[in-house]
Amino acid sequence: MSEPRPPLVGLIMSGGGARAAYQVGVLRAIAKMLPPQADNPFQIICGTSAGGINAASLAAGATQFRKSVCKLEYVWKNLSVEDVYRTDVGTMCRYFFHWVGSLFTGGFGRLNPKAFLDNEPLGGLLERLIDFDGIEHSIQAGQLRALSITASGYNSGQSVSFFQAAPDLKGWNRAQRVGTRTRIELRHLLASAAIPFVFPAVQINREWFGDGSVRQVAPISPALHLGAEKVLVVGVSPPREEPLERLYAPDYPTLAQVAGHLMNSVFIDGMEVDLERIARVNRTLSFVPDEVKHRRDVQLREVEILVIAPSKPLEQIASRHTGRFPWTMRFVLGGLGALKRQGSVLASYLLFHRRYARDLIELGYTDAMRRRDDILKFLGYDPAALETGD
């Protein structure tokens, strides 16, 4: 009699701009705690926004999991703002006067502004980082079942999960969210990471797409549709287990505070709501006997979820590094109040700098190693046996 197949493990890496460096620290810890020759532990990898970039890089190198993580870590640890978006005086002035001109002329002109920043350098970085042919190679080698990258359609309003997967996996169509099979390419990553107003939208086939975290009401669902039976979620914000105390705020909120609040709503709130929903469904299903589920043909199933999230607010770390922005960005962000402690949430999403990224990677590594036993058991390993080398 053959041994039962181990459950398919999905990995969810949410969006968060520069905060996604934290996810690399978690992956580094997992690579270290697993046996040296261990296969890729995540058969289904799903990412959104900057988390989608991490997901695609990991999937492209899934046949060599440890090497793939090291490559991703090297890129983040040597990142500069100019690798992601242009900050030279000429570009910043051109974009500034384009916006001002459109506002004062009522949009009179052939082209309205597309975004505040030019992220053309990001495309070159991703082409050097990711071997897109490696995704199909990983699937053919049996080291990967599916990669999903989610983007938000500006025309349809739908959350679209583009996925490249084994032939037996099918797409899905639910209320305002669909899954469509395709070959993952550079344009899907740029679309998924196109933060509204900050980076320009990307056209894919007939529609324009922006950041996948926008209107993503069920961030975990792509992994479940693609067959994941257990899901590891790597977040970019500490869990909010209790209502926050409402403190007296004498000063009017800065534009950076408002923008940071909107960023959190886009990148964080959907994941927290989805995790709460799954926990509630799991709790309900635990009271239903198996024979009743079978007799009533209940389609829902319990899903084991493990969440690794930062142990401290990432904006606190970002506030120590805001001086590392190029002076043109410091000028702009300073006017919005983003260089002050109260506005550092916005800075934490845009500060693509190696010093900040290294701090986030170390935090992710520390947080994951603190949960070593939980992670190993979740992935099907015996922590005690790995310690003794058995």
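A crossing of two helices is right-handed if the near helix is turned clockwise from the far one by less than a right angle. In this predicted model, the crossing of α2 and α3 is right-handed. The axes of α2 and helix α3 (residues 65–77) come within 8 Å. They cross at roughly 140 degrees. On the α2 side, the contact is made by Asn54, Ser57 and Leu58. Helix α3 contributes Phe65, Ser68, Val69, Leu72 and Trp76. Five residues of this contact are nonpolar and three are polar. None is charged.

Trp76 also appears in the largest nonpolar core, which has 99 residues. Trp76 is among the residues with the most contacts inside this core, along with Phe42, Ile45, Tyr85 and Leu147. Helix α1 (residues 21–33) gives the most to the core, with nine residues. Apart from this core lies another, of 18 residues. Its members include Phe163, Ala165, Val233 and Met271.

The surroundings of Ile45 can be listed in detail. Beyond residues up to four places away in sequence, Ile45 touches Leu11, Met13 and Asn40. Ile45 also touches Ala55, Leu58 and Ala59. Further contacts of Ile45 are with Leu144, Ala146, Leu147 and Ser148. Of these partners, Leu58 also takes part in the contact of α2 with α3, and Leu147 is listed with Ile45 among the core residues with the most contacts.

Two backbone positions stand out by their phi angles. Most residues other than glycine have a negative phi. Ser49 has a positive phi, near 60 degrees. This serine lies in the loop between β2 (44–48) and α2 (50–60). Ser49 counts as buried because its relative accessible area is 2%, under the 20% cut-off. Asn205 has a positive phi of about 55 degrees, although it is not a glycine. Asn205 lies in the loop between β7 (202–204) and β8 (207–210). Its relative accessible area is 61%, so Asn205 is exposed; the cut-off for that class is over 50%.

A charged residue, Asp367, lies in helix α14 (residues 354–370). Asp367 counts as buried because its relative accessibility is 5%. The side chains of Asp367 and Tyr22 are joined by a polar contact of 2.8 Å. Asp367 also touches Ala309, Pro310 and Ser311, leaving aside residues up to four places away in sequence.

Key. Residues numbered from 1 in each chain as written. Predicted model: local features only at pLDDT ≥ 70, side-chain atom pairs only at ≥ 80, totals over all residues. Heavy atoms only, no water. Core = buried A, V, L, I, M, F, W, Y, C linked by side-chain atoms within 4.5 Å. Buried < 20%, exposed > 50% of the residue type's maximum accessible area, 1.4 Å probe, protein only. Helix = DSSP H or I, 4+ residues; strand = E, 2+ residues; numbered from the N terminus. Contact = heavy atoms within 4.5 Å. Polar contact = N/O pair within 3.5 Å; in protein donor to acceptor, adjacent residues only side chain to side chain. Axes fitted to C-alpha atoms, helices over the stretch in contact; angles between N-to-C directions.
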